[in-house]
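Here are my notes for a colleague opening this structure for the first time. Please keep the model on screen while reading.

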Amino acid sequence: MIASVTTTRNGQKYRVHKRQVRKQLTVAELTVGMYVVELDIPWEESPFLFQGFLLESEKDIHMVQDYCKTVWVDVVEEDWIPLDKTKNTQRVTRTRYVEKQDMARQLSEANRTYQAAKVQVKQLFASAHLGQALNMKQAQVMVKDCVQRVISNPNAMLWLTRLKHQDEYTAEHSVNVSLLAISLGQHLDLAPYELENLGICGLMHDIGKMKVPDEILNKPGRLTPEEFEEMARHTTYARQLLMGRSDIYPGAVDVAWTHHERLDGKGYPRGIDSTKISLFTRIVSVVDAYDAMTSDRVYKAGMSSLEAMKILNKNAGTQFDKEVVKKFIAMIGLYPPGYLLQMTNGEVGIILSADEGYQLKPRVIMILDKNKQPQPEQIINLAMNPVDRDGQPYKADGVFRSGNFGVSVSDYIQRGLRIKGFEYSLNDN
């Protein structure tokens, strides 16, 4: 991924182009803080649990040196181009090693960001409901933090979008749409500042619902034609709330107004076609539909991730943008973080993440034995072909939503996971 920023150093302005690449090093060159992404031996012949790991201590380095002669690490190459041609300043190329935080800290920080975002949304929506002024400054700071979290660890943020509570749907849905939009924007190679604008669009897309009567918004059943007509007005209400504000990204007004339009012109409120629908609206429309379909509501249970992706794919080209849907499905994958995975031997785990190139072989936290009883928690990486207690290879059998097998992923995460070899908590302050 290439990103460009403008910065000042020693009184001189530079345009800095950044590119993340992999660099081969001898094991003698390794230092604490480097992130190893590839070995010169097959992963299954190494003692390392994960394909990709942080060198956190000298002990980690010595272990790598015992098994390898060379490894590949993540680095960022920077090209510093002076903008003031009148000064005698040379173009400079620098290489920085990527220092990735340990997963424990990232998950804990990701959760704090998520919870803070939810509080911000509740405050914004309460202000809209009461007809008070919206405090957008804090929301923008929060979205900027979300962007940084997604860039540093997208799996952690995707995991948190599974923490769904039926009674907090409105706030969580808006945060989830923001996070999913940011993640999808990153896959579409948007620049960081564009991701921040996109995050605001996702956060504010449903603010117009605060003007819809509660008895319609929370009705536990199918809406009447008149009630649906009022619900559909939330897009127009959003435009009225946000229009003319100088402290919000203007594109957020357009997204809030048009996220229920369709490419074929059969959407609402105006029935516009693809020629008038922006990229940000196309992104938010896809992630909004996905999160809504996979969420439990008072009147129906949410569907599985796979079912939702099938619907998105079926409607690509008519309702949704084909390329956006394609990228989104590739991002979420068949094994989305936070879902339950049953193995062919009957054991059950929670999907943690899937490494790039190994989307069909995710990392899984095993929690239930073949009789669906709690077992000592352990992480397995299907990309490393692990075997069960009987010596048989673990193989994925089916993906299930939280609630199946008596497992609440939300409760499980909120109480804090403590797993040997991968200890972290989402309850840290």
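1. Start with a term. Buried means under 20% relative accessible area, exposed means over 50%, and partly exposed lies in between. C146 has a relative accessibility of 2%, so C146 counts as buried. C201 is buried too, with a relative accessible area of 0%. Keep in mind that this is a predicted model.

2. Next, the disulfides. A disulfide is a covalent bond between the sulfur atoms of two cysteines. The cut-off used here is a pair of cysteine sulfur atoms within 2.5 Å. How many disulfides does the count come to by this rule? The count is zero.

3. Helix α6 covers residues 192-204. Does its length fit or clash with what its 13 residues should span? At 1.5 Å a residue, the expected span is 18 Å. The end C-alpha atoms are 19 Å apart, which agrees. The buried residues of α6 are L195, L198, G199, I200, C201, G202, L203 and M204.

4. L203 also turns up in the surroundings of V175. V175 lies in helix α5, residues 169-187. Is V175 buried or exposed? V175 is buried, because its relative accessible area is 2% and the limit is under 20%. Leaving aside residues up to four places away in sequence, V175 touches Y114, A117, K118, V121 and L203. Take V121 from that list: V175 and V121 are 54 residues apart along the chain. Their C-alpha atoms are separated by 7.4 Å.

5. Now the charged pairs. The structure holds eleven salt bridges. One of them joins D145 and R149, with the closest N and O atoms 3.5 Å apart. Both residues sit in helix α3, residues 136-152. They are four residues apart, so about one helical turn separates them. An α-helix has 3.6 residues a turn, so residues three or four places apart point the same way. D145 is partly exposed, at 29% relative accessibility.

6. A second pair is E227 and K219, whose side chains meet in a salt bridge at 2.7 Å, N to O. Which side of the 20% limit does each partner fall on? E227 is buried, with a relative accessible area of 19%. K219 counts as partly exposed, at 22% relative accessibility. Read these two labels with the numbers beside them, because the limit for buried is under 20%.

7. A third salt bridge joins the side chains of D296 and R401, at 2.9 Å, N to O. This pair links distant parts of the chain, 105 residues apart. D296 is in the loop between α11 (279-293) and α12, and R401 is in the loop between β11 (396-400) and β12 (402-405). D296 is partly exposed, with a relative accessible area of 31%. R401 is buried, with a relative accessible area of 16%. Elsewhere, salt bridges that share partners join E229, E230 and R233 into one network.

8. Last, the surface. Which residues form a nonpolar patch there? They are L306, L334 and L360, with about 300 Å² of accessible area together. L306 belongs to helix α12, residues 305-314. L306 is partly exposed, with a relative accessible area of 43%. That value passes the cut-off for patch residues, because they need over 30% relative accessible area.

Notes:
Residues are numbered from 1 along each chain as its sequence is written. This is a predicted model: local features need pLDDT of at least 70, side-chain atom pairs count only at pLDDT 80 or more; totals for chains, interfaces and linings use all residues. Side-chain values use heavy atoms; hydrogens and water are left out. Patches are made of residues with over 30% relative accessible area and no salt bridge: like charges are joined within 9 Å, nonpolar side chains (Val, Leu, Ile, Met, Phe, Trp, Tyr) within 5 Å. Accessible areas come from the Shrake-Rupley method with a 1.4 Å probe; for residues, only the protein chains shown count as cover. A salt bridge is a side-chain nitrogen of Lys or Arg within 4 Å of a carboxyl oxygen of Asp or Glu. Helices (H or I, at least four residues) and strands (E, at least two) are DSSP runs, numbered from the N terminus. Buried means under 20% relative accessible area, exposed over 50%, partly exposed in between (1.4 Å probe, protein chains only). The expected span of a helix is 1.5 Å times one less than its number of residues. Contact means heavy atoms within 4.5 Å.
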